[in-house]
Amino acid sequence: MRVILLGPPGAGKGTQAQFISEKFAIPQISTGDMLRAAVKAGSPLGLQVKEVMASGGLVSDETIIGLVKERITEDDCKNGFLFDGFPRTIPQAEALINAGVIIDNVVEIAVEDEDIVTRMSGRRTHEGSGRTYHIVYNPPKNEGVDDLTGEKLIQREDDKEETVRNRLNVYHEQTKPLVSFYGSLEGEHAPKYSRIEGVGSVSEITRRVFEALDS
Ligand code: AP5
Ligand code: ZN
C-alpha cells in the first residue's frame with residue numbers, strides 16, 4: 001500500500017505515521033526527518049537546507065524530489081510506503097505521477113491554525129527516530145525522555161511561535177492546493193481521498209485513519 005499523509009504542520013502526521021507504518025508493515029518516509037538528520041550530520045545536503053528549514057520555508061522541489069526518488073528504490077519500499085510531509089507542492093505531486101508512482105490512499109488530517117500553535121509549543125521530539133510527544137496531550141512515560149530509548153527529548157528549532165506562523169502561511173500558499181489536486185484526480189490510478197478531523201485524542205485519530213485506510 002502506498003499512502004500520503006497530508007495536513008498542516010503539527011496536524012499529527014508524524015504521530016499517526018508510526019501506527020500506520022506498524023499496522024501495514026510499510027516504512028514511514030518523512031522528508032522532514034530525512035532533512036533534519038542531514039542537518040544534524042552536517043552533510044552537504046544539511047548545510048544547504050539548514051537555514052531555510054529554520055525559517056520555516058520550503059526546501060527546493062528539485063532537492064526533495066531527488067531525495068524521495070532515491071529513497072523509494074530501497075528494498076524496504078517493495079510493498080509500499082507512507083509519505084509524511086511529502087508531496088508539499090504541486091510540482092512535487094506531479095513529479096510522482098511522472099515517475100509512474102501510483103498512490104492508493106491520500107489521508108488529509110485537518111486541524112485549525114489556532115490549535116496548531118498550541119500543539120507545537122508543547123511538542124518534544126526524539127532526535128534519533130523523529131518520534132514526537134506533547135507535554136500535555138501525549139506525554140512520554142518518563143518526563144523529558146523517549147519511551148523506547150530513554151534518550152533525552154528536544155524542542156525542534158522551528159517550533160518557535162513566529163516560525164510556526166510562517167510555516168502555516170507556507171502551508172496555506174503552497175501545500176493546501178494539494179487538497180483539491182488529489183481530491184479531483186480521476187482515472188483508474190486516482191488515489192482514494194479521505195479527509196479526517198484531526199482534533200481528538202491520539203488514539204481516536206488513529207481509529208479514524210485506520211477506518212479511512214481499511215474501507
Ligand atoms: P516536517 O518535519 O515535515 O514538518 P511539518 O509538516 O511542518 O510537520 P510537523 O512535523 O511539524 O507536524 P506533524 O504533522 O508531523 O505533527 P506531529 O505528529 O509531530 O518539515 C520540516 C521542514 O522541512 C519544513 O518546514 C521544510 O523546510 C522542510 N521540508 C520537509 N519536507 C519538505 C518537502 N516535501 N518539500 C519542501 N520542504 C520540505 O504532532 C505535533 C504535536 O502535536 C506533537 O507534540 C504531538 O504530540 C501533538 N499531537 C499529535 N496528535 C495530537 C492530538 N490528536 N491531539 C493533541 N496533540 C496532538
Ligand atoms: Zn512531522
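1. Which residues in α4 meet Pro91, Gln92 and Ala95 in α5? They are Asp61, Ile64 and Ile65. The model under discussion is predicted, and the points below concern this helix contact and the sheet.

2. By character, the residues of the contact of α4 with α5 comprise four nonpolar, one polar and one charged.

3. As to geometry, two packed helices are described by the angle between their axes and the distance between the axes. Helix α4 spans residues 61-71 and helix α5 spans residues 90-98. Their axes come within 10 Å and cross at roughly 35 degrees. The crossing of α4 and α5 is right-handed.

4. The sheet is open and is formed by five strands. Their order is β2-β3-β1-β4-β7, and the pairing is parallel. At the edges stand β2 (28-30) and β7 (192-197), each of which pairs on one side only. From one strand to the next, the twist averages 20 degrees.

5. At the β7 edge, the partner is strand β4, residues 105-110. The two strands pair in the parallel sense over six bridges. Within this part of the sheet, Glu197 in β7 has Ala110 standing opposite.

6. At the other edge, helix α2 (residues 31-41) lies across β2 and β3, the latter covering residues 81-84. Helix α2 runs at about 60 degrees to β2, and β2 is itself an edge strand.

Terms used: Residues numbered from 1 in each chain as written. Chains lettered and ligands numbered in written order. Predicted model: local features only at pLDDT ≥ 70, side-chain atom pairs only at ≥ 80, totals over all residues. Heavy atoms only, no water. Pairing = 2+ DSSP bridges. Helix = DSSP H or I, 4+ residues; strand = E, 2+ residues; numbered from the N terminus. Axes fitted to C-alpha atoms, helices over the stretch in contact; angles between N-to-C directions. Contact = heavy atoms within 4.5 Å. Left-handed = near helix turned anticlockwise from the far one by under 90°. Nonpolar A, V, L, I, M, F, W, Y, C, P; charged D, E, K, R; others polar.
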